[in-house]
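Okay, thanks everyone, I'll keep this short. Let me put the structure up on the screen, and then we'll walk through it piece by piece.

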Amino acid sequence: MYSSQLVSDSSQVDSARQKIDPKGDSENTQTRLPNNQSREQQQSKHSQSERLATPTLSKPRPVTPHGILAQQLSQLAHDVDGLPSASDTFRQALKAAAELAVGLDPYIEGCTTPESPELTELTRKTQAENWTQRFANGETNGELEQEMLSGHTEGQFLKVLLPSLRAKKVLEIGLFTGYSALAMAEALPADGTLVACELDSYAAQFAQSCFEKSPHGHKIRVEVGPAIDTMKQLAQAKESFDFVFIDANKDGYVDYLNVLLESSLLAPNGLICVDNTLMQGQPYMLGESTANGRAIAHFNQTVAADNRVQQVLLPIRDGVTLIRRS
Ligand SMILES: C[S@@+](CC[C@H](N)C(=O)[O-])C[C@H]1O[C@@H](n2cnc3c(N)ncnc32)[C@H](O)[C@@H]1O
């Protein structure tokens, strides 16, 4: 959703690179920029005071493999105009590649059922929040950021999936401001329920205030605390879920999967959906990767080697893996 809003048609290819928020990558991940500086190096150029003074009203920066690819190709397609030695063939091929990449997200969005007004408002509120300031004030546990929100295409993917599975009970691990939770609640039947685990009490309250404005918000119960503890309590209470969405700390993914498979938590025909399993391309790219990139690479290898499950990794947004028992 977000990178596509930055660069919504080929006429914007040249200007896209100027609109990118310089702050580091979502979930403290790191991406190589075309000038070979890391996000962390770029970020250090922007002082803490600059970031505090700037409310988070800007469009999110790209945090998905094809969003980043579109940004980088846009920049190259722009830069090639300043290279007299570049042939016309090369120039045209580069611009065509940029157009191919830049058009993908907006096209997917345009072909996807629109989101509800409540989800649009939740997104707007999340973008308007000054997360850096909240963290500096000690109101949030960690530095949260608007790019953590999953968004329209992924939310609609979940909304199509749940009724097809006849899911009634959903567990979400990682709520943030509640986009995916509310999208799923919208798709649940009237007697459906969703338990959402969230470590951060500020984010949990923020999400709760959005849920109260939705006719589906009452289906959601928020549990504040480390997800692994909440999951163990739910397992002890013999709770069971038809669908589980994992979207929290990446270094916890393997433990979450094991608890789900080794307890009652995942219903016999239940489905697990895991977010960010492409982690901006880091698991397959050569070179430096972040702790999140390494955690996801390890998780993907663990799942691939686990005979208890079957899985498929889909290139939706930052990668979504669907997992079921074999
Ligand atoms: C990527 S965001 C979730 C985005 C959300 N699912 C959405 O679609 O908008 C990850 C969230 O997980 C939370 N989180 C991180 N570690 C956690 C933990 N150990 N237990 C529960 N929540 C955690 C973070 O505070 C953050 O709000």
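Let's start with the ligand. It has 20 residues around it, and the closest are Ser 150, Gly 174, Phe 176, Ser 180 and Ala 227. What sort of residues make up that shell, by class? Twelve are nonpolar, five are polar and three are charged. As for where they come from, helix H10 and strand S2 each put at least two residues into the shell.

Before going further, a word on what you're looking at: this is a predicted model. The mean pLDDT over the chain is 87, with 83% of the residues at 70 or more. The part to watch is residues 1-54, where the pLDDT is below 50, although that stretch does have 102 contacts in the model beyond its near neighbours in sequence. Where pLDDT is low, the predicted coordinates shouldn't be read in detail. So please don't ask me about individual atoms there.

Now the overall picture. The chain has 326 residues, and 46% of them are buried. Its secondary structure comes to 14 helices and seven strands. If you take contacts between residues at least 6 apart in sequence, 75% of them join residues at least 24 apart.

Back to H10, since we've already met that helix at the ligand. H10 covers residues 179-187, and it packs with H7, residues 117-128. Which way do these two helices run relative to each other? The angle between them is about 175 degrees, and the cut-off for roughly antiparallel is over 145, so that's what we call H7 and H10. Their axes are 10 Å apart. On the H7 side the meeting residues are Glu 118, Leu 119, Leu 122 and Thr 123, and on the H10 side they are Tyr 179, Leu 182 and Ala 183. By class, that contact has five nonpolar residues, one polar and one charged.

Next up is H11, residues 201-211. Its buried residues are Tyr 202, Ala 203, Ala 204, Phe 206, Ala 207, Cys 210 and Phe 211. What covers them? The cover includes H7 and H10 again, plus helix H8, strand S2 and strand S3. For anyone rusty on helices, there are 3.6 residues a turn, so residues three or four places apart point the same way. Gln 205 is in H11 too, but this one counts as partly exposed, because it has 14 C-beta neighbours inside 10 Å. Gln 205 also sits 9.8 Å from Gly 178, C-alpha to C-alpha, with their positions 27 residues apart in sequence.

Let's move to the loops. Gly 225 is in the loop between S3 and helix H12. Is Gly 225 buried or partly exposed? Partly exposed, because it has 13 C-beta neighbours inside 10 Å. Setting aside neighbours within four places in sequence, Gly 225 is in contact with Leu 199 and Thr 230. With Leu 199, the C-alpha atoms are 4.4 Å apart, although the two residues are 26 apart in sequence.

The last stop is the loop between strand S5, residues 266-275, and helix H14, residues 291-304. Quick reminder first: most residues other than glycine have a negative phi. Asn 276, in this loop, has a positive phi of about 65 degrees, and it isn't a glycine. Met 279 belongs to this loop as well, with a positive phi of about 35 degrees, and again it's not a glycine. Are these two buried or exposed? Asn 276 is buried, with 29 other C-beta atoms within 10 Å, and Met 279 counts as buried with 31 C-beta neighbours inside 10 Å.

Gly 281 is in that loop too, but this glycine is partly exposed, with 18 other C-beta atoms within 10 Å, because buried takes 20 or more. Gly 281 and His 66 are 215 residues apart along the chain, and their C-alpha atoms are separated by 8.9 Å.

That's my tour. Questions?

Note on methods:
Residues are numbered from 1 along each chain as its sequence is written. This is a predicted model: local features need pLDDT of at least 70, side-chain atom pairs count only at pLDDT 80 or more; totals for chains, interfaces and linings use all residues. Axes are lines fitted to C-alpha atoms, for helices over the stretch in contact, and angles run from 0 to 180 degrees between N-to-C directions. Helices (H or I, at least four residues) and strands (E, at least two) are DSSP runs, numbered from the N terminus. Angles under 35 degrees count as roughly parallel, over 145 as roughly antiparallel, 65 to 115 as roughly perpendicular and the rest as oblique. Two residues are in contact if their C-beta atoms, placed from the backbone, lie within 7 Å. Ala, Val, Leu, Ile, Met, Phe, Trp, Tyr, Cys and Pro count as nonpolar, Asp, Glu, Lys and Arg as charged, and the others, Gly among them, as polar. A residue is buried if 20 or more other C-beta atoms lie within 10 Å of its own, exposed if 12 or fewer, and partly exposed in between; C-beta atoms are placed from the backbone. A residue is near a molecule or strand if its C-beta atom, placed from the backbone, lies within 6 Å of it. pLDDT is the predictor's confidence in each residue, from 0 to 100.
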